[in-house]
Amino acid sequence: MRPPLMLRLWPLLAATAVEAVRREAGGARAEPAACPCGALSLESQFARMVAVSYDEKGIRSLESYAKEIFSCYSWSDFYYKLPTNGIVGRVLAKAAWSTPTALVGRCAMRPQMCTVTFSGATNLNFVAGIMDYGPVRLYRNETGGIEEGSPEDVPSHRFHKFYWEVYKVFRSQIGLDVRAALSECTEVYVTGHSIGAAMAAVFQWENLERRISQITMGQNLAWFGTPPDVGCRGRRLFSDQDPVPYLRCFVDKSDGEVVRHAAVPAQKLAYSKSTQTYKAYALYDCEADTPMDAECVHGCSAIGPHYTLRIGLGLSSHQASEYIKAADDAFPLFSG
């Protein structure tokens, strides 16, 4: 018998609530930023973009991290709405903090360089759907579009069912607008935080011909079994203080496969208590399913003591704002 909905959801509801609170704004050297933006590395720029993606448009002028990148990029804002199915959905919709967003940025100094930023869980309907985690099988059709199914002689992959539903809503409501905004871009990066990282991974897969690179952070895991090959383009940044990329609470009941990461290199940002700074470690292999909590190799219960303790102690480190600090520490602007 499954536990009550709110009991199953409370750690994730708490995560969204913490992210909704107003955020405050020594490591490895980075290559020169693809978009010159003051003293900010490309990783630091992207960390600010994911923080901005959570904000309502009217309050961005109040956030220092928004001001730091708005001077370097021109922006197109695209919003979409999740369906509010049933009584629970309608009730949760009234407690929404902001609207899910895809932001397209164009570098002021290099207009051919563009970014797409996917917000993570911006409201409670987002969070409520996360537990609907059975995988759906997806494949790329002849035109490159992603569809459900597994036709013969076409590689298919299993993806988190709710994340796929969100991606379909994004694509149907604003997908054409986002593609149009990228029409003149020759160098494209896609980024996102938490669920937004999963969205970024599907967008990269669906647009393989654009040779898009992803740089995401604080990833919610999304693939069951082998993920699609996206050419090893990009990186998954994760903090060793953030429990979300580590925890495997979703399992495919058909074969026991635990939800895993996308097939791009992971890079750990490790926090030092003595210096109170983050340091970037060397990249893992593209296929390495890293990180993984040793207690969650075969899945962790989202209401079990281990999952609950990790979320309770590390929730603040999952916030987008914490990745701004981590990126600033780990990737200072290259000056050599």
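Strand E9 (residues 223-224) and strand E11 pair in the antiparallel sense over two bridges. Within this pairing, Trp-223 has Arg-260 of E11 as its bridge partner. The two strands belong to an open sheet of five strands, ordered E5-E4-E6-E9-E11, in which the pairing is antiparallel. Its edges are formed by E5 (146-148) and E11 (259-260), each of which pairs on one side only. Strands of a sheet pair through backbone hydrogen bonds, and the sense may be parallel or antiparallel. The model discussed here is a predicted one.

For the protein as a whole, the secondary structure amounts to nine helices and 13 strands. The chain has 336 residues, of which 56% are buried. The accessible surface comes to about 14,500 Å², and carbon and sulfur atoms account for 54% of that area.

A second region of interest is centred on strand E8, which pairs in the parallel sense. Strand E8 (residues 213-217) is mostly covered, with five of its five residues buried. In a regular strand, side chains alternate between the two faces of the sheet. In E8, Ser-213, Ile-215 and Met-217 point one way, while Gln-214 and Thr-216 point the other way, and all of them are buried.

What pairs with E8 over two bridges, and in which sense? The partner is strand E7 (residues 187-192), and the sense is parallel. In this pairing, Val-190 stands opposite Gln-214 of E8. Between the two strands the chain passes through helix H7 (residues 195-206), and the resulting β-α-β crossover from E7 to E8 is right-handed. E8 also pairs with strand E10 (residues 234-239), in the parallel sense and over four bridges. Here Gln-214 stands opposite Gly-234 in E10. Gln-214 thus has Val-190 opposite it in the pairing with E7 and Gly-234 opposite it in the pairing with E10.

The loops on either side of H7 each contain a residue with a notable backbone angle. Most residues other than glycine have a negative phi, and most peptide bonds are trans. Ser-194, in the loop between E7 and H7, has a phi near 60 degrees, a positive value in a residue other than glycine. Arg-211, in the loop between H7 and E8, likewise is not a glycine and has a positive phi, of about 55 degrees. Are these two residues buried or exposed? Ser-194 has a relative accessible area of 8% and is therefore buried, the cut-off being under 20%. Arg-211 has a relative accessibility of 57% and so counts as exposed, a class that begins over 50%.

Helix H7 and strand E8 also take part in enclosing empty space. Rolling a probe the size of a water molecule over the atoms shows where such space is left. The second largest cavity holds about 80 Å³ of space. It is lined by 15 residues, and the closest to its centre are Ala-197, Ala-198, Gln-219, Asn-220 and Ala-262. H7 and E8 are the elements that give two or more residues to this lining. The largest share, three residues, comes from H7. By class, the lining comprises eight nonpolar, five polar and two charged residues.

The path now turns to the loop between strand E13 (277-280) and helix H8 (305-314), where Cys-286 is found. With a relative accessibility of 17%, Cys-286 falls under the 20% cut-off and therefore counts as buried. The C-alpha atom of Cys-286 is separated by 9.3 Å from that of Gly-234, although the two residues are 52 apart along the chain. Gly-234 is the residue of E10 that stands opposite Gln-214, which links this loop back to the account of E8. Pro-291 is also found in the loop between E13 and H8. A cis peptide bond joins Thr-290 to Pro-291, with omega at about 5 degrees.

The final element to consider is helix H9 (residues 320-330). Why can H9 be described as largely enclosed by the rest of the structure? Eight of its eleven residues are buried, so the description follows from that count. The buried residues of H9 are Ala-320, Ser-321, Tyr-323, Ile-324, Ala-326, Ala-327, Asp-329 and Ala-330.

How values were computed:
Residues numbered from 1 in each chain as written. Predicted model: local features only at pLDDT ≥ 70, side-chain atom pairs only at ≥ 80, totals over all residues. Heavy atoms only, no water. Buried < 20%, exposed > 50% of the residue type's maximum accessible area, 1.4 Å probe, protein only. Pairing = 2+ DSSP bridges. Right-handed = clockwise from strand over helix to strand, strands pointing away. 1 Å grid on protein atoms, 1.4 Å probe; cavity = no way out; pocket = protein on both sides within 12 Å on 5 of 7 lines; lining within 4 Å. Points joined across faces, edges and corners; volume = space filled by probe spheres on them. Nonpolar A, V, L, I, M, F, W, Y, C, P; charged D, E, K, R; others polar. Areas by Shrake-Rupley, 256 points an atom, 1.4 Å probe, with all protein chains shown as cover.
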